[in-house]
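Let's take a walk through this structure together, going from the overall build down to individual contacts. Have the model open and rotate it as you read.

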Protein chains: 2
Amino acid sequence: MPRVEVFDRGHVLEKVKELFWSKGFNGTSMQDLVDVTGLNRSSLYNSFGNKEALFETVFKQYQEDTKSLFKDALKDADSPLDAIHNIFKNILHLILEDVEGKGCFNLNCKTELSHTDTPIKAILKHSEEGTLQLFSGLIKEGQQQALINKNDTPENYAYYLFSAFQGLRMTGMLTRDYKTLKNIIHNTLIILH
Amino acid sequence: MPRVEVFDRGHVLEKVKELFWSKGFNGTSMQDLVDVTGLNRSSLYNSFGNKEALFETVFKQYQEDTKSLFKDALKDADSPLDAIHNIFKNILHLILEDVEGKGCFNLNCKTELSHTDTPIKAILKHSEEGTLQLFSGLIKEGQQQALINKNDTPENYAYYLFSAFQGLRMTGMLTRDYKTLKNIIHNTLIILH
């Protein structure tokens with residue numbers, strides 16, 4: 001009879017994600033993963049594969065979580081411009097909640113792994129292109145509705161927003177002062193009005 | 001008679017910096033350092049200390065290099081506003097030259113180490129506060145000379161620029177397209193005019 005998994009897969013992956021997010025891929029050892037999950041090495045290997053495979057699984061999951069964050073911002077918005085404001089508001093909330101100062105899992109992986117030859121590189125690129133497309137679509141729609149000016153193209157404004165988005169996340173690792181961060185967002189989005 | 005160092009210290013540290021920059025602190029092993037420098041472990045330990053000490057030495061050196069970059073931007077500028085433009089131009093050049101896609105050593109260290117309890121955290125914080133002060137000083141001067149508007153305070157504009165500066169560096173890891181990056185800079189700095 002095959003041995004039955006006696007652990008909650010979602011719960012284990014959540015722990016693994018938090019650990020990789022905090023310590024990075026290279027900073028996390030198999031022993032760290034054993035310690036945080038409470039599973040032994042062979043259970044971890046049999047259920048999820050090696051360290052690379054585990055990382056890939058939770059990193060893909062994080063991309064889904066990020067998509068949900070964007071979807072929420074869009075759902076609660078009255079207009080495309082409002083959706084852009086919501087996205088930045090959501091990032092601000094993520095920063096304020098990040099008391100440990102772990103930063104953004106994607107940006108951490110980007111600086112650690114994006115110039116190496118790993119499957120992570122492709123996942124990250126796909127995710128970043130998705131963010132650019134989302135911004136570009138919102139800008140285009142906002143321009144059509146005359147809510148956003150046409151001083152620049154949807155593509156250029158999308159890159160500008162994408163860049164500001166990452167900058168805000170990085171700045172949130174230095175300060176979590178609400179007014180300071182809110183002001184950066186305010187100054188960033190003025191250009192669209 | 002004590003043994004004499006028969007290597008070029010500056011040359012060795014340059015190799016070490018490039019390696020840490022590319023692979024990160026955790027991704028670099030003592031063996032990697034032995035391989036890249038051509039020195040054996042005991043020479044490395046005796047001359048520079050352990051991996052942490054080596055990292056700290058080259059990271060401090062990088063802060064000096066960054067200061068020189070800012071000084072150059074200021075030296076060649078006709079006005080405080082021009083100096084800000086030059087700083088962003090210099091970042092753009094750094095990105096275009098970064099064919100390997102290693103990104104910014106400071107931002108790589110920030111995501112990897114800033115929430116850990118290492119001396120790097122304090123060096124990085126000091127450096128970031130220096131950048132904020134530099135921007136704030138330039139904005140203040142520019143406002144006094146009526147070259148930069150007074151729609152926001154020097155401190156708030158400084159945080160905005162600091163955030164954009166980091167965002168641009170991160171965006172430069174996705175694309176090195178000159179026009180795209182130049183356009184982000186253009187849109188970022190419009191607000192000051």
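Below we look at one chain, then the place where the chains touch, then the cores, and finally a pair of packed helices.

Keep in mind that this is a predicted model. Start with chain A, which has 9 helices and 0 strands. Reading from the N terminus, you simply meet one α element after another, α-α-α-α-α-α-α-α-α. If you box up the C-alpha atoms of chain A along the principal axes, you get roughly 65 × 35 × 30 Å. Chain A has 193 residues, and 38% of them count as buried. Now take the contacts in chain A between residues at least 6 apart in sequence: 59% of these join residues at least 24 apart.

Next, turn to where chain A touches chain B. Each side brings 35 residues to the contact, 35 from chain A and 35 from chain B. On the chain A side, α6 (105-113), α8 and α9 each put in at least two residues. The largest share there comes from α8(A), with 11 residues. What sort of residues make up the side of chain A that touches chain B? They split into 12 nonpolar, 17 polar and 6 charged.

Now for the cores. The largest nonpolar core holds 52 residues, and the members that touch the most others are A:Leu161 and B:Leu161. Both chains feed this core: α5 (80-97), α7 (119-144), α8 (154-171) and α9 (178-189) of chain A give two or more residues each, and so do α5 (80-97), α7, α8 (154-171) and α9 (178-189) of chain B. Zoom in on A:Leu161 and, leaving out residues up to four places away in sequence, you'll find it touching A:Ile84 and A:Phe135. There is also a second, separate core of 46 residues, which includes A:Leu33, A:Met173, B:Phe59 and B:Leu124.

Last stop: two helices of chain B. Packed helices are described by the angle between their axes and the distance between those axes. Helix α6 (residues 105-113) of chain B packs against helix α7 (residues 119-144) of chain B at an angle of about 135°, with the axes 10 Å apart. An angle of about 135° is neither under 35 nor over 145 degrees, nor within 65 to 115, so α6(B) and α7(B) count as oblique to each other. The crossing of α6(B) past α7(B) is left-handed. Which residues meet in this pair? From α6(B) come B:Asn106, B:Cys109, B:Lys110 and B:Leu113, and from α7(B) come B:Ile120, B:Lys121, B:Leu124 and B:Ser127. By type, the residues of this contact are 4 nonpolar, 2 polar and 2 charged.

Terms used: Residues numbered from 1 in each chain as written. Chains lettered and ligands numbered in written order. Predicted model: local features only at pLDDT ≥ 70, side-chain atom pairs only at ≥ 80, totals over all residues. Axes fitted to C-alpha atoms, helices over the stretch in contact; angles between N-to-C directions. Helix = DSSP H or I, 4+ residues; strand = E, 2+ residues; numbered from the N terminus. Left-handed = near helix turned anticlockwise from the far one by under 90°. Contact = placed C-beta atoms within 7 Å. Nonpolar A, V, L, I, M, F, W, Y, C, P; charged D, E, K, R; others polar. Buried ≥ 20, exposed ≤ 12 C-beta atoms within 10 Å, placed from the backbone. Core = buried A, V, L, I, M, F, W, Y, C linked by C-beta atoms within 7 Å.
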